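Here are some notes to keep beside you as you look through this structure. They are numbered so that you can take them one at a time.

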Amino acid sequence: MSIAEPFKITLKNGEEVKVNDHVYCSPSWGVRDGTPYSIARIMEFLPAQGTPTFDKNGNRNEPITRARLAWYYRPSDVSDRTVADCRLLLAAIYSEVCELSQLRSKCYVLHRDRISDLAGWKKRPDRFYFTRLFDPWLRKEFEVIPATTVRNVPEHIREVLISRYEYIVAEREVVPDYTDDLRLCDTCEKWCPPAESLQCDRCKKFFHMECVNPPMLSKPSRGYGWTCAPCSRAHEEEVEGHEVRHLTPVAPKPKTNAPPARGRGRPRKDRVLAEKEENVEIKHFKMWPFRYFGLYTFAEDTLDPDDLIFPRAATRVGPKYQANVPPSPGTADRPTDVEERGGDATIEVLSLVNAMSPAEAEALEKQKQLLTRNDKLKCSVDWLTEVTFRLTDAWLNKRDFSTVSMRSPMRLQKWKKAETRYTDKDWSAEEVAAFEDAIQMHGAELRAVREEVGTRPMPEVVRFYGHWKNSKLGEENKRIRAARENGLDEKASSTTREATPDEEEGSIVMEPPRNVSCGACRTRESEAWWKAPKGLATSVLCDNCGLSWRKYADLNVRPVREEVISKAKPGDKREGTPLNGPQSKRAKTSSSQSTPPPVAPQLRCVACQRNGPVGKVLRCKQCQFRVHSAACGVIPDPATTDSWVCDLCQNEKTLEASLIPDCLLCPRLRRDPKKKLIYPPPDSYLRACKPTEGQAWVHVLCSVFIPEITYSDATRLRLVEGVSAIPQYRWQNNCTLCDREDGAVIQCSECPAEYHVSCAWKHGHKFGFEVQPVKHSRRETATTVDWKGHTGQMVPSVICKGHIGHKRQLFDICDTNDLGESSLQVYCRNYKQAPVAQTHGLLRKARRLDKILHASLGDGSSTASVDGDSMQSSADPHCYRCQTEYSPFFHEVTNTAQGEAKSWLCHKCHAETRKTYPVIIGLGAS
């Protein structure tokens, strides 16, 4: 009988892989954030999601787009200890389904006992080995031994273990017991499990604890021995007769699982033997080569093919974990003020339809259909339960069924003091989007999902998860039924695999900068340059170092000179990434696609509405404001990520700036002091504010997109300057969105519409940066930047949301380049930095005020006489209302009392005479 050819899949590099082959697995560079490849074993190949693996005829459904993978861990993934061997792995009983596009190339993983020449095995590329297993839920490591070495078990159990599994997983302390010879009780001659047996300290025989007389309730404490009754009597006779005690027979040395020691000299190079080891057949039972057989396993349970194979912990039953509850008091001891349970006062009848007559039950069903026209409600368990309860209550109280109404969602239960809803409130689109993102990230870990949603309690999240999963299954079944009706053999609607970008496009630096050097070995020559993880001296790796990092998580970094380290940016160091220490430890990054599990926590940025790892997206400890660190001028420090607070919350403690957080560049919003609301709200990007040189506040968004504003420190967006240098027309023109004349406005890049920056953000207009080409004649004077393959002048742009077909290529505020810098950071560093090296801050402010005063004097200080002779310049302008000559700014107005003559108003009078606006309670996010 011929053996069927195994099903194979061809990877992108041309290699063919089949089930139980080992592969490198990794998403694209942008998703994995520089972490090395993960290593996994292929358990099975799967078609597209929603399509059965096999059709009705038993044929495999195509196309194959996914694979179920059994993961391996690197030791540095699960602990902080340094492991020098980069080929050592930890097995795991954990699997996930991944796309075939994430499979990179083939590798080989074997148990240590299967390798005869370990040194030669590790010298060959793509070779790994393991000796232990890590359980991600117990957070504990276990020993992995071949099943054939287990001898201290009954013969029928040993045969089952050897026939099904290749390896056994157990605790280190029980491995010598299981690999010993079969132990039988000297009394009953039955097998002695290690956890239920005793060994005599003199005769070395084994006994069940219940077989000795008297029975032993527990084993002796650590450090104490035990002797059986015959040996105890013999010892007493020896003591009484003053006989010399014979030496205790020495137990034979326990057999070890390690291979025999090799002699000194060079290792044997047997190519044929190595190839046999690579292609050795490993037994698998239900797609797993091992199972747990340790301290907390009943040996007979292994005979059940459906028994769980996962590692287990000690039971939590007993006085150590549970309270001894005294018996309940009798009826005589019951307090008089406590109602007895089970009566009418403590029981609520949900339905008595079975007690109604057929006519009454028919009337009830008819009224139930009349209470709503929504077909979804008629199938809702919550609605059906409540309407049945209300109709039953009307029947008990002898009321007509027509008096029952379902308009109110509130109900009063007997054991609750206040009314509660019988069904949850409808989820908004934002809550559903956050829920689905959290489900994709955390799976069914609903506690983590509730933290991502943030607005719903745990019971509502659990109930919504059930309804959401039900709806998804319903959509999938509906699609499968439609496919069956069309004769498509239950195949998915998508018949082609989605094209994904090649790994080479994301990891290889296509245009390396001049005089580039490897961040690890410092070489300047390489056929190809690869992107490097953050924390190195440069952002690229040579071909050899890039291969070593991606496959083996190993970098041999040359120490960097102190003067080079001092020039490096303080924000480039990330927790766990290699700098100049030993490189056997894998860099720990906060990638959502790192080796699972556990999955790194993700936060949603309120600026770009995208998820990011903790560290890149910061969350204020006080107000829960979440934003990318690059979008608010924060240099992330791994040590203070969990305790980070935003500028406004920090100012409440330090009092370095004003306690009024109103933006100087936006219209003033009068808030009701009785409403204690957080302003600006933490669910909007407008919460990101920076202090000005006058200890006031402006939005980061306003200060970036108004061109006259600069920063004393553009890297941190600190100390905003130039508010007084904003032209007068920006303050005088009305906003087309709020129709207010106070505040500075900007113009749409596509139309003449003008609006406040904050108004444009709340109305959903498009914000971004455009790289415009610069003419050759202006290249020497203009500041140009290189951004994602585009070279030119970076210009901030705001486009109305109605301009759908515009041809401008805008880069989002949080978009990053290969170096991890956002577009906002690059723009501010090149165009918003004040010349702090040339002048002092106070001198820069004085010069700006001089320009304003000279401009106002030049506009209205000179008048012409009646006879044509020019009169001498009049005195400094003064306010026609209060007659003052001192003001930081004079506003030009038309004085109707002087016959439409041009006059001036000081800034105080201008603020008092302008229009007043109604009270606005709070400010919500767009």
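1. Let's begin with Arg68, which has a relative accessibility of 25% and so counts as partly exposed. Its side chain meets that of Glu44 in a salt bridge, with 3.2 Å from N to O. This pair links distant parts of the chain: Glu44 sits in strand β4 (residues 38-47) and Arg68 in strand β5 (residues 64-72), 24 residues apart. Glu44 has a relative accessibility of 23%, and therefore counts as partly exposed. Please keep in mind that the model is a predicted one.

2. Now for a wider view of the chain. Its 926 residues include 41% that count as buried. There are 23 helices and 33 strands to find your way around. The chain exposes about 54,700 Å², and carbon and sulfur atoms supply 51% of that area. If you take the contacts between residues at least 6 apart in sequence, 58% of them join residues at least 24 apart.

3. Back to charged pairs. Side chains of opposite charge can pair when their charged atoms come close. How many salt bridges does the count come to? The count comes to 39 salt bridges. A salt bridge here needs a side-chain nitrogen of Lys or Arg within 4 Å of a carboxyl oxygen of Asp or Glu. Some of them are linked in a network, made up of Arg132, Glu141, Glu143 and Arg172.

4. Which residue forms a salt bridge with Glu436? The partner is Lys472, and the closest N and O atoms of the pair are 4.0 Å apart. Because Glu436 belongs to helix α11 (residues 429-442) and Lys472 to helix α13 (residues 458-485), the pair ties together parts that are 36 residues apart in sequence. Glu436 counts as partly exposed because its relative accessibility is 31%. Lys472, at 34% relative accessibility, also counts as partly exposed.

5. Another pair worth finding on your screen is Arg730 with Glu708, whose side chains meet in a salt bridge at 3.3 Å, N to O. Arg730 lies in helix α19 (residues 728-732), while Glu708 is in the loop between α18 (700-705) and β25 (710-713), so this salt bridge ties together parts that are 22 residues apart in sequence. Is each partner buried or partly exposed? Arg730 has a relative accessible area of 10%, so Arg730 is buried. Glu708 is partly exposed, because its relative accessible area is 22%.

6. Please also look at a group of like charges. Glu196, Glu210, Glu300, Asp301 and Asp304 gather on the surface in a patch of negative charge. One of these residues, Glu196, is found in the loop between α5 (175-178) and β12 (197-199). With a relative accessibility of 37%, Glu196 counts as partly exposed.

7. Helix α15 (residues 543-552) deserves a moment of your time. Seven of its ten residues are buried, so the helix is mostly covered, given that buried means under 20% relative accessible area. Which residues of α15 are buried? They are Cys545, Gly546, Ser548, Trp549, Arg550, Lys551 and Tyr552. Just after α15 comes Ala553, which takes a positive phi of about 55 degrees.

8. Next, a buried residue in a loop. Ala607 is found between β19 (602-604) and β20 (611-613), and its relative accessible area is 12%, so Ala607 is buried. What does Ala607 touch, leaving aside residues up to four places away in sequence? The residues touched are Val627, Tyr685, Trp761 and Cys814. As for Tyr685, its C-alpha is 5.2 Å from that of Ala607, although the two are 78 residues apart in sequence.

9. Finally, a buried residue in a helix. Val453 has its place in helix α12 (residues 446-453). Its relative accessible area is 10%, and therefore Val453 is buried. Not counting residues up to four places away in sequence, Val453 touches Trp427, Ala434 and Phe435. Measuring by C-alpha atoms, Val453 and Ala433 are 8.9 Å apart in space and 20 residues apart in sequence.

Methods
Residues numbered from 1 in each chain as written. Predicted model: local features only at pLDDT ≥ 70, side-chain atom pairs only at ≥ 80, totals over all residues. Heavy atoms only, no water. Patch = residues over 30% accessible without salt bridge, like charges linked within 9 Å, V, L, I, M, F, W, Y side chains within 5 Å. Areas by Shrake-Rupley, 256 points an atom, 1.4 Å probe, with all protein chains shown as cover. Lys, Arg positive; Asp, Glu negative; His and termini not counted. Charge placed at Lys NZ, Arg CZ, Asp CG, Glu CD. Helix = DSSP H or I, 4+ residues; strand = E, 2+ residues; numbered from the N terminus. Buried < 20%, exposed > 50% of the residue type's maximum accessible area, 1.4 Å probe, protein only. Contact = heavy atoms within 4.5 Å.
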